[in-house]
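Here is a set of exercises to work through with the structure open beside you. Try each task before you read its solution.

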Amino acid sequence: PDTTPLLSSAASDGYKRQARKSLRGAADEVPICSLIEALWRAKDDFCYLFSNVSQTPAITKSLLNTCSLGALSRRVRAAQSRFLDEWEQHGATAWYSTWMGELDGLRARFARVIGADKEEVGLAPSVSVALSSVASSLDYAARPQVVFSDLDFPTVAYQWAVKPGVQRVIVPSADGISVPPEAYETAVDDRTAAVATSHVFFTSGAIQDLARIARAAHAHGALALIDAYQATGQLPTDVHASGVDVLISGGLKWLLGGTGIALMYVRKERQPELRPSVTGWFGNRFQFEFDPRRFEFWDDARRFELGTTANAAVYACSAGIDIVLEIGVERIRARTTELVNDLVDRLTDAGINIRGPRDPASRAGIVMIPMHDPASAVQALAERGILVDYRHDRLRASPYFYNTPEDNAALVDALRSRGA
């Protein structure tokens, strides 16, 4: 009864059903009223995704593609405007009056999301740049091998493909969905410099056991490095508890912050031994002395930063993370799990095959649907206002907390009409 006023405001019937259905499967983990309240607050940020909500544009989208690009929120748009206003008002003095503080604020926000300390977080313009900095810190003379899987996003493998003398050990997946943890344990030995793999596989949505990967690496003195781009924001993460040494993510997807910003965690105990051979003035603790003779690494994760930050991206990412923190990653996980389960059930009932983990606890917010020509399906669905993506021979859908069961139903109906 306490939730009735909350549900009877300006929301559409579909959004009311969304909020009510969010209770199923989540009540044991999240207080009912707090879950609905969190979703209701997010409604104002993403109102253009829903029909019959005040100030909604005429065209309503069904965005089921967060794993490629998170929805643009009002809050992120406002943060971009604020950055531009400060640029216009203060010019270069904004660096000292505001922008350096905003960089530190983003580090602190990301630390909260992953259970780290702010001093363990550095910023980069992309995951590739963050990987380059960390990878340049390793000594490959005695440890020439790097272990990763054939399901990881290619930028991980590419990082070491061009390093002379580095041997890439590729752990195969037998089913194209996941890699058993024991496969990493078998692949790692005393010649391994790092195990570099994903928290969530981008072509299946399978979740990996970070703690077990870290133990496999540490058993032979190797670095445990995780690409968490498909996980951070949608999966509860505690880097200290998992024991990973490096975790890299970004604002583009589940953190709702757009392009041009990546974030890296480097465990405090590992920082002193990691001295990048690629750097820039932001990696120098004396950066504002502008002295080419004096360079000394920061004594925290800023040592892995390189050049001037793209501050518009910093503002956008901070605003996106604020939404994630306001709702809570545990609530987001409960809501996304329910929506993914709902989509999988609808697809199964419609006789449409999926390619991914069957255990709900093992799958993130990504559902893969194998088909002959997924590119044409993505285009046809976009013409109907349903935004999805594809990788290889699979259409990829990724419900997030701002989606509804009606979005899932529309996707399944459209696929069924195409004879998927």
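**Exercise 1. A loop arginine**

Task: Is Arg363 buried or exposed, and which residues is Arg363 in contact with beyond its neighbours within four places in sequence?

Solution. Start with the cover: Arg363 is buried, as its relative accessible area is 7% (buried is under 20%, exposed over 50%, partly exposed in between, with a 1.4 Å probe and protein chains only). Before going further, note that this is a predicted model, in which local features need pLDDT of at least 70 and side-chain atom pairs count only at pLDDT 80 or more, while totals for chains, interfaces and linings use all residues. Residues are numbered from 1 along each chain as its sequence is written, and side-chain values use heavy atoms, with hydrogens and water left out.

Next, place the residue: Arg363 sits in the loop between helix H12 (329-349) and E9. Helices (H or I, at least four residues) and strands (E, at least two) are DSSP runs, numbered from the N terminus.

Finally, list the partners. Leaving aside neighbours within four places in sequence, Arg363 is in contact with Gly205, Ile207, Arg333, Val340, Asn341, Val344, Pro357 and Arg358 (contact means heavy atoms within 4.5 Å). Thr337 is 26 residues away along the chain, and its C-alpha is 8.3 Å from that of Arg363.

**Exercise 2. A proline in a strand**

Task: Where does Pro370 lie, and which residues does Pro370 contact, leaving aside neighbours within four places in sequence?

Solution. Pro370 belongs to strand E9. With 31% relative accessibility, Pro370 counts as partly exposed. Leaving aside neighbours within four places in sequence, the contacts of Pro370 are Asn353, Ile354, Arg355, Asp393 and Arg394. For Arg394, 24 residues apart from Pro370 along the chain, the C-alpha separation is 4.1 Å.

**Exercise 3. The sheet around E9**

Task: What is the strand order of the open sheet of three strands, and which strands are its edges?

Solution. Read the order first: E9-E12-E11, with antiparallel pairing (two strands pair if DSSP finds at least two bridges between them). The edges are E9 (367-370) and E11 (389-391), each of which pairs on one side only. Neighbouring strands of this sheet are turned against each other by 35 degrees on average, direction ignored.

Now look at one pair. E9 and E12 (residues 394-397) are antiparallel over four bridges, and Val367 has Ala397 in E12 as its bridge partner. To finish, add the helix: H13 (residues 374-383) packs on the sheet and touches E11 and E12, with its direction at about 40 degrees to that of E12. Axes are lines fitted to C-alpha atoms, for helices over the stretch in contact, and angles run from 0 to 180 degrees between N-to-C directions.

**Exercise 4. A covered strand**

Task: How many residues of strand E8 are buried, and which residues lie on each of its faces?

Solution. In E8 (residues 262-266), five of five residues are buried. One side carries Ala262, Met264 and Val266, and the other Leu263 and Tyr265.

Then check the partners of E8. Strand E2 (residues 121-124) runs antiparallel to E8 and is joined to it by four bridges, with Val121 opposite Tyr265. Strand E7 (residues 246-250) also pairs with E8 in the antiparallel sense, over five bridges, and here Val246 stands opposite Val266. In E2, Val121 and Leu123 point one way, Gly122 and Ala124 the other, and all are buried.

**Exercise 5. Two helices**

Task: At what angle do H4 and H5 pack, and which residues meet?

Solution. H4 (residues 74-90) and H5 (residues 94-114) pack at about 160 degrees, their axes 10 Å apart. The two are therefore roughly antiparallel (over 145 degrees; under 35 is roughly parallel, 65 to 115 roughly perpendicular and the rest oblique). From H4, Arg82, Phe83, Glu86, Trp87 and His90 meet Ala94, Ser97, Thr98, Trp99 and Glu102 of H5. By class, this contact has four nonpolar, three polar and three charged residues (Ala, Val, Leu, Ile, Met, Phe, Trp, Tyr, Cys and Pro count as nonpolar, Asp, Glu, Lys and Arg as charged, and the others, Gly among them, as polar).
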